[in-house]
Amino acid sequence: MKLVIAVVQRQDAGELLEALTSHGHRVTRISSEGGFLREGNVTLLIAIQDHETDPVLKDIREHCYTRTRYVSPLPPVAESGEFYPPAPIEVQVGGATVFVLKAAGIERLLA
Ligand code: 2BA
């Protein structure tokens, strides 16, 4: 059994969730934030059998796109007091960051 943790861009999350659930997977969607861009993204938890790993990764590949973002670094402190805005840095985000972990099992605790 595996636990797939997929960090995806918010724009891709809806279609990916639909694809995964339509293929019979149970998914938990968590709103998250990237530490670098400090922008909202989505983390999906998907517990699956080992043989489902490749099809799940295929769904993620098919629905998560690479996008270019520009980040403005903080301006350096100018000694003369003049302001020189630094050039934005280009950053490629996605398709997705995926962690595949071995899972011991799933317990559904019913009271
Ligand atoms: P962020 O941390 O906001 O990172 C967004 C994008 O910025 C990253 O895209 C990467 O291209 C770039 N980036 C991140 N840290 C950087 C750095 N120190 N210097 C230069 N560029 C940097 P992705 O690699 O596609 O990552 C997308 C999101 O996936 C990340 O958002 C974060 O939420 C998550 N993530 C990526 N790698 C991770 C890891 N090793 N552990 C936990 N979460 C991770």
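In this predicted model, two strands, β5 (residues 89-93) and β6 (residues 96-102), each contribute at least two residues to the shell that surrounds the ligand. The largest contribution comes from β5, which provides three residues. The full shell consists of Val 7, Gly 34, Gly 35, Phe 36, Leu 37, Asn 41, Val 91, Gln 92, Val 93, Gly 94, Thr 97 and Phe 99. In terms of residue class, six of these are nonpolar and six are polar, and no charged residue takes part.

Polar groups of the protein approach oxygen atoms of the ligand at several positions. The side chain of Asn 41 places an N or O atom 3.0 Å from a ligand oxygen. For Gly 35, the partner is a polar backbone atom, at 3.2 Å from an oxygen of the ligand. The side chain of Thr 97 likewise has an N or O atom 3.3 Å from a ligand oxygen. Considered in isolation, the ligand exposes 750 Å², of which 51% is buried by the protein.

Two backbone features were identified in loops. The peptide bond that leads from Gly 94 to Gly 95 adopts the cis form, with omega near -15°. Gly 95 lies in the loop that links β5 and β6, while Gly 94 belongs to the ligand shell. The second feature concerns Arg 38, a residue other than glycine with a positive phi of about 55°. Arg 38 is located in the loop between β2 (residues 27-33) and β3 (residues 40-48). Because its relative accessible area is 60%, above the 50% limit, Arg 38 is classed as exposed.

Arg 67 is situated in strand β4, which covers residues 67-71. Its relative accessibility is 24%, and Arg 67 therefore counts as partly exposed, the category between the limits of 20% and 50%. Beyond its neighbours within four places in sequence, Arg 67 is in contact with Gln 9, Gln 11, Asp 12, Val 91, Gln 92 and Val 93. Among these partners, Val 91, Gln 92 and Val 93 are also members of the shell around the ligand. The side chain of Arg 67 forms a polar contact of 2.8 Å with the side chain of Asp 12. A further polar contact, of 3.2 Å, connects the side chain of Arg 67 to that of Gln 9. By contrast, Thr 53, although 14 residues away along the chain, has its C-alpha atom 25 Å from that of Arg 67.

At the level of the whole chain, the secondary structure comprises two helices and six strands. Read from the N terminus, the order of these elements is β-α-β-β-α-β-β-β. The C-alpha trace extends over about 65 × 30 × 20 Å along its principal axes. The radius of gyration is 19 Å, whereas a compact globule of 111 residues would have a value near 13 Å. Buried residues account for 24% of the 111 residues. The exposed area of the chain is about 8,000 Å², with 54% supplied by carbon and sulfur atoms. Of the contacts between residues at least 6 apart in sequence, 66% connect residues separated by at least 24 positions.

Conventions. Residues numbered from 1 in each chain as written. Predicted model: local features only at pLDDT ≥ 70, side-chain atom pairs only at ≥ 80, totals over all residues. Heavy atoms only, no water. Near = heavy atom within 4 Å. Polar contact = N/O pair within 3.5 Å; in protein donor to acceptor, adjacent residues only side chain to side chain. Areas by Shrake-Rupley, 256 points an atom, 1.4 Å probe, with all protein chains shown as cover. Helix = DSSP H or I, 4+ residues; strand = E, 2+ residues; numbered from the N terminus. Nonpolar A, V, L, I, M, F, W, Y, C, P; charged D, E, K, R; others polar. Buried < 20%, exposed > 50% of the residue type's maximum accessible area, 1.4 Å probe, protein only. Contact = heavy atoms within 4.5 Å. Rg over C-alpha atoms; globule rule 2.2 N^0.38 Å.
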